[in-house]
Amino acid sequence: MNPTETTTPARAGAPATDATPRLGSMTQNDVAAIAARGGDTEFLAKRRTAAWRWYQDTPFPSRLDELWRRTDISKFKWEDVIPTCPAHPMVTSASALPASLQEAIGPAEERSALLVQIDAETVYAERADTFAAQGITFAPIAEAARLQPALVERYLGATVRPDENRFTGMNAALRSGGAFLHVPKGVRVERPIRIVVSRQTPNVAQFPHIVVALEEGAEATVIEEYVSSGEPGIGVCVGVTELTVGDAASLHFATFQRWGGNVYHFGTERVRVGRDSRFHWTVTELGGKLRKADFEMFLEGEGAEAKLSGCYFGSETQHFDFHTFQNHKVGHGVSDLLFKGALRSRARTIYQGLIKIHRDAQRSDAYQANRNLILSNKARADSIPSLEIEANDVRCTHGATVGQVDDEQIFYLMSRGLNRHDAEMLVIGGFFTPVLDRIPAESLRALVTAAVERKADG
Amino acid sequence: MTPTLHIKDLHVAVEGKPILKGLSLSVNKGEIHAIMGPNGSGKSTLANALMGNPKYEITSGQVLFHGEDISEWAADERGRKGLFLAFQYPTAIPGVSVANFLRMALQARRKAAGDEKPLPPKEFRKLMKEKMALLRVDDSFAGRYINDGFSGGEKKRAEILQMAMLRPEIAVLDETDSGLDIDALRIVSEGVNALAGPDLGVLLITHYQRILNYIKPQFVHVLVDGRIVKSGGSELAHELEAHGYDGIREASAA
Ligand SMILES: Nc1ncnc2c1ncn2[C@@H]1O[C@H](COP(=O)(O)OP(=O)(O)O)[C@@H](O)[C@H]1O
């Protein structure tokens with residue numbers, strides 16, 4: 001391995017030794033060791049222990065569960081997964097990060113803060129000078145719990161509980177790295193805050209927990225990114241992301257997943273959106289071997305507006321299983337979801353989208369569209385929209401399509417001199433344009449567009 | 001002299017059904033030919049077969065372009081070489097802007113002509129502006145998605161705009177007049193006339209005589225049941241108008 005590609009040339013990327021416990025043989029002592037090493041406060045350590053117990057008593061979901069009917073993980077060898085890894089020391093400058101990560105992260109002027117996690121450790125943290133004066137907290141969870149215990153206790157687990165399912169329990173018990181962001185009342189963060197989760201050690205599992213809370217009237221753009229270049233062995237990531245958007249606050253949250261092809265990533269991600277607030281989730285899913293993700297938007301304050309703009313591109317034998325939930329708990333809320341995906345070779349995608357409008361959530365307005373473009377006759381996309389509407393004065397529209405590139409479009413473009421490949425690329429690009437155009441932050445839009453184009457190009 | 005486009009005894013089948021049954025025709029640069037025929041005579045089949053639409057199978061005969069048999073060529077090779085089809089029903093490509101597409105198409109065409117360098121963006125924009133003015137379309141046209149939500153007239157103008165940008169040697173206009181009101185027909189015809197000249201050969205396919213009031217062909221051919229049954233000068237169009245296709249059919253059968 002090229003030494004410039006590692007943060008710690010002597011050790012990073014070294015295989016975990018036999019002494020490193022596998023998930024199958026872990027004990028409560030090993031969990032306590034993780035807590036000690038990660039510098040958990042007492043609150044965090046207790047939470048871990050409780051979650052560990054709960055996790056051990058809870059089975060994995062089976063294919064009898066509606067949301068797991070089309071994704072079979074029964075053969076997955078969880079017992080061999082390594083939940084910790086050799087230490088990666090912190091670096092003090094982004095230029096000391098692996099070159100491939102620096103490229104992914106992009107120029108410093110396009111962000112206001114950055115946290116980088118490699119394997120199970122945070123290796124780099126950077127914040128704009130203004131953060132302290134603005135009272136913004138942005139740190140790995142354990143550090144945030146030492147700095148701002150009350151805030152962490154208030155928001156950690158407030159949106160996604162550890163005892164929801166085995167994955168959320170596993171994440172809480174084995175948490176590594178992650179990030180805690182708190183933006184106080186009325187504070188506006190100009191440039192995007194970036195959280196990068198990466199990996200390089202074979203067979204290591206990561207359990208990032210990302211917590212974002214915006215107080216009333218606050219504004220921010222936050223990008224969570226999962227990126228790697230496909231180290232040997234398999235990669236596992238079990239993540240939890242919980243977001244709170246306070247009253248009249250505005251959050252653009254981007255999930256940008258471009259793992260190498262060896263990663264199994266299970267994620268539970270949820271936002272609670274407050275009164276008169278604006279939330280926009282831009283989701284890009286390109287990498288990984290198996291990706292299972294819940295993207296849930298709970299509209300909890302009247303006048304809340306929640307938008308999700310997602311794109312995915314599956315190729316080879318990638319398996320994507322997405323679930324979205326537009327949960328209108330109170331009235332006068334608007335949710336607008338557009339989720340578009342393309343599939344090549346033998347890729348398989350499942351999209352299940354639920355809109356629920358609670359009994360008292362009158363005057364809700366919900367829109368949901370899932371569109372799939374199939375580029376190979378061996379690829380398969382399932383789209384399963386559903387509605388649960390208990391209120392009577394609502395507007396609700398949903399639609400799902402699975403289609404192929406139209407021969408007439410290709411002929412038209414080719415007749416003008418474009419070769420078949422370029423013609424297909426244009427049609428695919430055009431398919432994604434409406435969703436990419438919805439990405440509000442220009443630098444992110446350029447980044448995502450380029451990544452989608454590279455993926456489309458094979 | 002080798003004709004620019006030479007169609008020799010062309011037989012074309014669609015889904016196994018023979019449509020063109022031995023059609024021969026030569027078109028040179030600098031000439032305007034009109035092919036007139038009733039519905040179902042095979043006009044669109046000819047246009048599609050010339051452009052290389054894979055749904056239209058050439059079962060025998062040849063299409064020669066500068067003496068080279070192009071009947072096995074893919075559509076893009078034909079396009080880059082200087083053949084152009086203005087579609088009767090141009091298809092929409094959502095999400096792809098007219099300008100972006102034309103930039104790529106123009107570059108492909110220039111590259112095939114031996115010019116590796118793309119047109120500098122400034123010159124490209126200038127060219128677009130000039131051609132959009134010719135077709136009297138608004139500047140916003142460049143940023144719109146190809147044929148997406150275009151009116152019938154806009155689609156036809158967009159076809160001629162593309163032709164103006166790509167400067168083909170032979171342009172096949174498939175019922176470019178259909179669905180146009182008089183004003184739009186005039187604009188489109190003026191566009192074609194502005195492009196016509198010694199460097200362009202036009203094959204104008206039409207059901208109606210109307211467009212020939214605006215675009216004056218030197219040669220008129222009557223297509224009936226997959227064959228050209230009569231060829232002549234522009235007077236033939238007037239004859240057709242007076243007697244209809246049945247008159248020609250009877251005359252040619254006699
Ligand atoms: N794409 C197609 N699929 C099936 N049949 C076709 C297709 N195109 C043309 N045809 C058939 O070929 C014949 C000639 O059609 P066409 O070339 O469109 O004539 P015109 O343009 O003169 O009206 C018609 O019988 C038509 O039904």
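# Ligand shell, nonpolar core and selected loop residues

The ligand is surrounded by 13 residues, of which B:Ile19, B:Gly40, B:Lys43, B:Ser44 and B:Thr45 are the closest. The model is a predicted one, and the points below take up the ligand site, helix α1(B), the nonpolar core, and a set of loop residues in turn. The largest nonpolar core has 110 residues, and residues from both domain 1 (2-301) and domain 2 (406-458) of chain A contribute to this core, so it lies between them.

**Ligand site**

- Three contacts involve oxygen atoms of the ligand: an oxygen atom is 3.1 Å from an N or O atom in the side chain of B:Lys17, an oxygen atom is 3.1 Å from a polar backbone atom of B:Gly42, and an oxygen atom is 2.9 Å from a polar backbone atom of B:Lys43.
- Taken alone, the ligand exposes 550 Å², and the protein buries 67% of that area.
- Two elements of chain B, β2 (17-27) and α1 (43-51), each give two or more residues to the shell around the ligand, and the largest share of that shell, 3 residues, comes from α1(B).
- By residue class, the shell around the ligand divides into 4 nonpolar, 6 polar and 3 charged residues.

**Helix α1 of chain B**

- Of the 9 residues of α1(B), 8 are buried, so this helix is largely enclosed by the rest of the structure.
- The buried residues of α1(B) are B:Lys43, B:Thr45, B:Leu46, B:Ala47, B:Asn48, B:Ala49, B:Leu50 and B:Met51; among them, B:Lys43 and B:Thr45 are also listed with the residues closest to the ligand.
- Just after α1(B), B:Gly52 adopts a positive phi of about 90°.

**Largest nonpolar core**

- Within the core of 110 residues, those with the most contacts inside it are A:Leu413, A:Phe432, B:Phe101, B:Met128 and B:Leu173.
- Helix α9 (residues 420-436) of chain A supplies the largest share of this core, with 9 residues.

**Positive phi outside glycine**

- Most residues other than glycine have a negative phi, and the next two bullets describe residues that depart from this pattern.
- A:Ala248 has a phi near 55°, a positive value in a residue other than glycine; A:Ala248 is placed in the loop between β9 (235-245) and β10 (250-258) of chain A, and with a relative accessible area of 44% it is partly exposed.
- B:Arg167 has a phi near 45°, again a positive value in a residue other than glycine; B:Arg167 belongs to the loop between α5 (152-166) and β9 (170-174) of chain B, and its relative accessible area of 56% makes it exposed, because the cut-off for that class is over 50%.

**Buried loop residues of chain A**

- A:Ala120 sits in the loop between β1 (113-118) and β2 (121-127) of chain A, and its relative accessible area of 11% places it in the buried class, because that class takes values under 20%.
- The C-alpha atoms of A:Ala120 and A:Cys85 are separated by 6.5 Å, although the two residues are 35 residues apart along the chain.
- A:Phe207 is found in the loop between β6 (205-206) and β7 (209-214) of chain A, and at 0% relative accessibility A:Phe207 counts as buried.
- From C-alpha to C-alpha, A:Phe207 and A:Glu121 are 10.0 Å apart in space, while 86 residues apart in sequence.

**Exposed and partly exposed loop residues of chain A**

- A:Ser74 lies in the loop that runs between α2 (42-56) and α3 (99-105) of chain A, and with a relative accessible area of 59% A:Ser74 is exposed.
- The side chains of A:Ser74 and A:Asp72 are joined by a polar contact of 2.7 Å, and the C-alpha atoms of A:Ser74 and A:Phe60, which are 14 residues apart along the chain, are separated by 8.5 Å.
- A:Gly39 is in the loop between α1 (28-37) and α2 of chain A, where a relative accessible area of 26% makes A:Gly39 partly exposed.
- Between the C-alpha atoms of A:Gly39 and A:Lys77 the separation is 29 Å, with the two residues 38 residues apart along the chain.

Methods
Residues numbered from 1 in each chain as written. Chains lettered and ligands numbered in written order. Predicted model: local features only at pLDDT ≥ 70, side-chain atom pairs only at ≥ 80, totals over all residues. Heavy atoms only, no water. Near = heavy atom within 4 Å. Polar contact = N/O pair within 3.5 Å; in protein donor to acceptor, adjacent residues only side chain to side chain. Areas by Shrake-Rupley, 256 points an atom, 1.4 Å probe, with all protein chains shown as cover. Helix = DSSP H or I, 4+ residues; strand = E, 2+ residues; numbered from the N terminus. Nonpolar A, V, L, I, M, F, W, Y, C, P; charged D, E, K, R; others polar. Core = buried A, V, L, I, M, F, W, Y, C linked by side-chain atoms within 4.5 Å. Buried < 20%, exposed > 50% of the residue type's maximum accessible area, 1.4 Å probe, protein only. Domains from an automatic or database assignment.
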